[in-house]
Amino acid sequence: MENMYFTEEHLLFRQSLKDFLQKEVVPHIEKWEQTGTIERFIWEKFGEMGYFGLATPEEDGGLGLDLFYTVIFLEELQKINSGGFAAAMWAHAYLAMTYLNKRAKGGIRKKYLEPSAVGKLIGCLGVTEPYGGSDVAGMRTTAIKKSNTYVINGSKTFITNGVYGDYIILAAKTDASAGNKGISIFVVDRKTEGVTANKLNKLGWRASDTAELAFDNVEIPEENLLGEEGMGFSYIMEAFALERLVMGINAHARAEYALEYALQYMSEREAFGKTIDQFQALRHRIVDLHADMEICKHYNYFVAGRLDKGEYVVKEATISKLKSTKMADEVAYECLQFLGGYGYIEDYPMARLLRDSRLGPIGGGTSEILREIIAKIIIDKKEYRPTTN
C-alpha cells in the first residue's frame, strides 16, 4: 500500500532524515525539553539540509518537492519523542512559510521566504486570540491603514515560536464592520516596537516556545500585507486544510512510534514465566490499536495524495485531524498502561508522549469545532473554498 505513495527516492530521503535526526537532534532533546529553548544552530542545520524548503519553489531557495517528502519529514519528527521540537519545526515550515510561499511578493518574498528556507529566520503564525479560540471570524486584533503604513493593536495566544521567532504571520481586522470579509494577513518583524511576548507554561510540548503576543500601536509598512486586503479569512481557510492534515499525520506517526516502543518493551518484560506480549488480553488490545493506527495512516496518505494534486480536501483534512488525534491519544494512553509502573516514570518515553499527544485534539481547531465544520459541509452543504487566488 505504501508503495503507492513512496518512491525509491522517498525511501532514501527517509533514511537520510532518520540518520540526521539521530546524529544532530536526539543528543540535545533532553536539554531542550528541560530549558524550553531550542538552540538556533539546529535551525540552520535543518536549513542546510533543505528540510525547511521541501515545499518551497526552487527559485526561492527551496527544493519544490512533492507533498510526500513533507509526510516523511513529519513522520520522522514524531519518532524522536519530542512533540515540542517537532512542533517548532513544522510550525515554521508549514504554518508561517505556507503563507509566504503562497502570498508574499517581491521584496517581502526575498526578505522573509528565502532566509526561512535556509533556517536563518524563524517564523510563527498568529491567528488564535485569547477571547476567540477556534472562532477565527471573531478576532479582535486590528490593523488600521494610516498613510503608507498599518497600525496594529490586539493580542494573540498559543503561538508556537512566538517567543524566540523572528517574524509573525499575523491575521488582523482591516475592516471591523465586515466580519470575516474584513480580515487581512501581514508579516510583522518580532522586534518591531510595540510587540511583546509572554512565554506560556505548557503541560506538554515542553521543548517548544509558545507565546501570548501583544501588539500596542505596532506600525508596519503597507508592503507587509500578504495577498489582498480583506482576503485573510479565505487564505486561512485554505491553509487550514494543510495544517489539519499535518496534525493528522503527526498523530498517526506518534501512535506508530508508541506501538513500536510498547511492543519492544513487552517482548523483553517477563511476568509469570513468559514475556507479556504472550498474554492474550494484551495481544488482542495491541491488534485493535494497531488496526486503528493503520486505518488513519492510509487515510492520511490518501488525503495527502489528493492535496498534492491541488484538489479541494477541506472536509477530508478535517476528518484526518479529528479521527487521527483521537486515535493517537487512545494509543498513547494504552501503551503507557502496557509499561505498568515504568510508563509513569519520566525516564521512559510514554509519559512525555502522552502529554505531547494530548495537544492533538486541541490545537489547530478543537475536535468540537472540527465536528461542526464537517457537519456544515456534509449537512448544510457549505463550502470553504477561497473566493480568489
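In the predicted model, Leu125 stands opposite Ile169 of strand E4, and this pair belongs to the four bridges through which strand E1 (residues 123-126) is joined to E4 in a parallel arrangement. Strand E4 (residues 167-173) also pairs with strand E5 (residues 183-189), here in the antiparallel sense and over seven bridges, with Ile168 of E4 standing opposite Val188 of E5. Strand E4 is mostly covered, in that seven of its seven residues are buried. The covering extends to both faces of the strand: Tyr167, Ile169, Ala171 and Lys173 are buried on one side, and Ile168, Leu170 and Ala172 are buried on the other. Ile169, the partner of Leu125, and Ile168, the partner of Val188, thus appear on opposite faces of E4.

Further strand pairing is found around strand E7 (residues 210-221), which pairs with strand E3 (residues 149-160) in the antiparallel sense over nine bridges. Within this pairing, Ile159 has Ala211 in E7 as its bridge partner. Strand E7 is also joined to strand E6 (residues 195-199), again running antiparallel, by five bridges, and in this case Ala197 stands opposite Leu213 of E7.

Turning to the nonpolar interior, the largest nonpolar core comprises 83 residues, and Phe46 and Phe85 are the residues with the most contacts inside it. The element that gives the most to this core is helix H4 (residues 83-103), with 14 residues. When residues up to four places away in sequence are not counted, Phe85 touches Val25, Ile29, Trp32, Ile38, Ile42, Phe46, Leu77, Ile80 and Ala207, so that Phe46 and Phe85, the two residues named for their contacts inside the core, are also in contact with each other. A second core, separate from this one, has 23 residues, including Tyr257, Cys296, Met327 and Leu353.

Aromatic residues were considered next, and the structure holds 23 aromatic pairs. The rings of Phe46 and Tyr51 are edge-to-face, because their planes stand at 70 degrees, with the ring centres 5.7 Å apart; both Phe46 and Tyr51 are buried. The pair formed by Phe68 and Tyr301 is likewise edge-to-face, its planes being at 70 degrees and its centres 6.4 Å apart. This second pair links distant parts of the chain, since Phe68 lies in helix H3 (residues 67-78) and Tyr301 in helix H7, with their positions 233 residues apart in sequence. Phe68 and Tyr301 are both buried. Ring pairs also link a cluster that consists of Phe13, Phe20, Trp32, Phe41, Trp43, Phe46, Tyr51, Phe52, Tyr69, Phe73, Phe85 and Tyr94; Phe46 and Phe85, noted above for their contacts inside the largest core, are thus among the members of this cluster.

Rings also lie beneath charged groups at two places described here. The charged end of Arg14 sits over the ring of Phe6, at 5.4 Å from the ring centre, while the charged end of Lys274 sits over the ring of Phe279, at 4.6 Å from the ring centre.

A search of the whole structure for salt bridges finds 25. Arg14, whose charged end sits over Phe6, is linked with Lys18, Glu75 and Glu76 in a network of salt bridges. In helix H7 (residues 280-308), Lys297 and Glu294 lie three residues apart, about one turn of the helix, and their side chains meet in a salt bridge with an N to O distance of 3.9 Å. The two partners differ in their exposure: Lys297 counts as buried because its relative accessibility is 3%, whereas Glu294, at 23%, counts as partly exposed.

Arg306 takes part in two of the salt bridges described here, one with Glu311 and one with Glu316. In the bridge to Glu311 the closest N and O atoms are 2.6 Å apart, and Glu311 itself is partly exposed, with a relative accessible area of 33%. In the bridge to Glu316 the closest N and O atoms are 3.1 Å apart, and this pair links distant parts of the chain, with Glu316 in helix H8 (residues 314-338) and Arg306 in helix H7, 10 residues apart. Glu316 counts as buried, because its relative accessibility is 13%.

Note on methods: Residues numbered from 1 in each chain as written. Predicted model: local features only at pLDDT ≥ 70, side-chain atom pairs only at ≥ 80, totals over all residues. Heavy atoms only, no water. Salt bridge = Lys/Arg side-chain N within 4 Å of Asp/Glu carboxyl O. Helix = DSSP H or I, 4+ residues; strand = E, 2+ residues; numbered from the N terminus. Buried < 20%, exposed > 50% of the residue type's maximum accessible area, 1.4 Å probe, protein only. Core = buried A, V, L, I, M, F, W, Y, C linked by side-chain atoms within 4.5 Å. Contact = heavy atoms within 4.5 Å. Phe/Tyr/Trp six-rings, centres within 6.5 Å; stacked < 30°, edge-to-face > 60°. Lys NZ or Arg CZ within 6 Å of the ring centre and 35° of its normal. Pairing = 2+ DSSP bridges.
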